[in-house]
Amino acid sequence: TTSHRIAVIGGDGIGPEVTAEALKVLEAVPDATFEQTHYDLGAERYLMTGEVLPDTVLDEVRGHDAILLGAVGGRPGDPNLPPGLLERGLLLRLRFELDHYVNLRPSRIFPGVATPLADSVLAKGEVDFVVVREGTEGPYTGNGGSVRVGTPHEVATEVSLNTAYGVERVVRDAFTRAGARPRRRLTLVHKTNVLTHAGAVWSRLVREVGEEFPQVEVDYLHVDAATIFLATDPARFDVVVTDNLFGDIITDLAGAVTGGIGLAASGNINPDRTAPSMFEPVHGSAPDIAGQQKADPTAAILSAGLLLDHLGHHDAAARVERAVVEDLAARTAGGPRQTAAVGDAIASRAAG
Ligand code: NAD
Ligand code: IPM
Ligand code: MN
């Protein structure tokens, strides 16, 4: 067995609840042991101390092999928490500083899982795709500002940053993933018909990098049309590469159509391994159900599976996925279970 040091940031709302279950599963699998450092970052710490992510804490976090995160952010509209303060100051700061340029978001309809998709849609084929969402650029960089704030003449800009360097590296990662999958298909999702400047750099780099991957079939969809196909023919997708904001939006939709946001996992990957990668569910802190043991911890558990895979424990990762698939298949019987009961059930299957 190998031992790894992981930083654990439960965060806000249901974050700590689902993270506790993911940790149970990590503790249960053979082959790896984990030395955990817990960080109490999030809304509570901010309200008590005014701190969001002190530099010293960031430096400590850097020294770990990986990060497991729950969710960050308060109840939308909370007067004590400025909008975006935690999202930008904690979550996005980690993604940017640790160069998580690949935000990997797999979507799969697991056997027997209920989805809102019509039978005619499900009949079109197996749904198993992965979104490679760019994680360090786009409209997320804080490149904008406001003038004449609060007046009828207020003007606000939020400029999308797209560098050839940043686009090329995420596109190459997506092609590499597509080339390693049976269907070898890559779909660029963008809005090149309107966002012509950013669109040009994405299109050019997909074309250029694509020359290195002649075995990969390349497709393009405008993002609005991509949402149509996510609802009407998700089987058409294999690997999707897209910018930070489009990727955020289509992966919530992908989660909803493949069995619910409670199942959607993600990894914020630094493929060059110059800093630890970070694993978290796609969902947020869900203030509406926080503290009630109602949250589904499966997304957090599958994210822990992605962490295992990233650290080279492919058998353990497969074991976690198998345990989830078995648990999902057993779910139809009985009513809803508490968060901890789901975690216990999956952990015992993953250990067995
Ligand atoms: P959300 O994902 O927290 O919740 C959307 C809906 O999905 C809610 O009804 C919620 O109850 C439900 N839901 C989410 N996770 C669930 C789970 N595991 N099991 C069952 N139901 C679940 O999105 P939101 O309401 O837009 O955002 C709430 C807060 O979370 C905001 O502050 C937002 O900024 C933050 N957020 C953080 C992250 C993150 O940390 N990565 C992601 C998204 C949103
Ligand atoms: C996500 C979240 C974040 C994002 C927010 C909370 C900054 O929605 O992880 O999907 O937009 O990336
Ligand atoms: Mn999101």
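## Two prolines, two domains and two ligands

Setting aside neighbours within four places in sequence, P111 touches V325 and A329. Since this is a predicted model, everything here describes computed coordinates. P111 sits in the loop that runs between β4 and α5 (119-122). Along the chain, P111 and E326 are 215 residues apart, yet their C-alpha atoms are separated by 9.1 Å.

Now take another loop proline, P297, found between β12 (277-281) and α10 (298-310). Which residues does P297 contact once its neighbours within four places in sequence are left aside? They are V18, E21, A22, T339, V342 and G343. One of these, G343, is 46 residues away from P297 in sequence, with 6.7 Å between the two C-alpha atoms.

Is each proline buried or exposed? The cut-offs are 20 or more other C-beta atoms within 10 Å for buried and 12 or fewer for exposed. P111 has 9 such neighbours, so it counts as exposed. P297 has 29, so it counts as buried. Here are the two side by side:

| Proline | Other C-beta atoms within 10 Å | C-alpha to C-alpha distance |
|---|---|---|
| P111 | 9 atoms, exposed | 9.1 Å to E326 |
| P297 | 29 atoms, buried | 6.7 Å to G343 |

Zooming out, the protein has twelve helices and twelve strands. Its C-alpha trace spans about 50 × 50 × 40 Å along the principal axes. A compact globule of 352 residues would have a radius of gyration near 20 Å, and the protein's value is 20 Å, so the two agree. Buried residues account for 46% of the 352. Of the contacts with a separation of 6 or more, 78% are between residues 24 or more positions apart.

The domain assignment gives domain 1 as 1-101 + 273-352 and domain 2 as 115-258. Between their C-alpha centres there are 24 Å. Eight residues from domain 1 and eleven residues from domain 2 make up the contact. On the domain 1 side, the touching residues are four nonpolar, one polar and three charged.

Helix α6 (residues 164-179) is worth a look too. What span should its 16 residues have at 1.5 Å a residue? The expected figure is 22 Å, and the end C-alpha atoms are 22 Å apart, so the helix agrees with the rule. Its buried residues are G166, V167, R169, V170, V171, D173, A174, F175 and A178. As a rule, an α-helix has 3.6 residues a turn, so residues three or four places apart point the same way. The cover over the buried residues of α6 includes the strands β4 (102-108), β5 (128-134), β8 (185-190) and β10 (239-242), along with helix α7 (196-210).

That leaves the ligands. Ligand 1 is surrounded by 22 residues, and the closest are G73, G262, H283, G284 and A286. By class, its shell holds twelve nonpolar, six polar and four charged residues.

Around ligand 2 we find G73, E87, L91, L92, D248, V282 and G284. Which element gives the largest share of this shell? Helix α4 (residues 85-97) does, with three residues. The ligand 2 shell divides into three nonpolar, two polar and two charged residues. G73 and G284 turn up in both settings: they are among the closest to ligand 1, and they also belong to the residues around ligand 2.

Key. Residues numbered from 1 in each chain as written. Chains lettered and ligands numbered in written order. Predicted model: local features only at pLDDT ≥ 70, side-chain atom pairs only at ≥ 80, totals over all residues. Near = placed C-beta within 6 Å. Helix = DSSP H or I, 4+ residues; strand = E, 2+ residues; numbered from the N terminus. Nonpolar A, V, L, I, M, F, W, Y, C, P; charged D, E, K, R; others polar. Expected span 1.5 Å × (residues − 1). Contact = placed C-beta atoms within 7 Å. Rg over C-alpha atoms; globule rule 2.2 N^0.38 Å. Domains from an automatic or database assignment.
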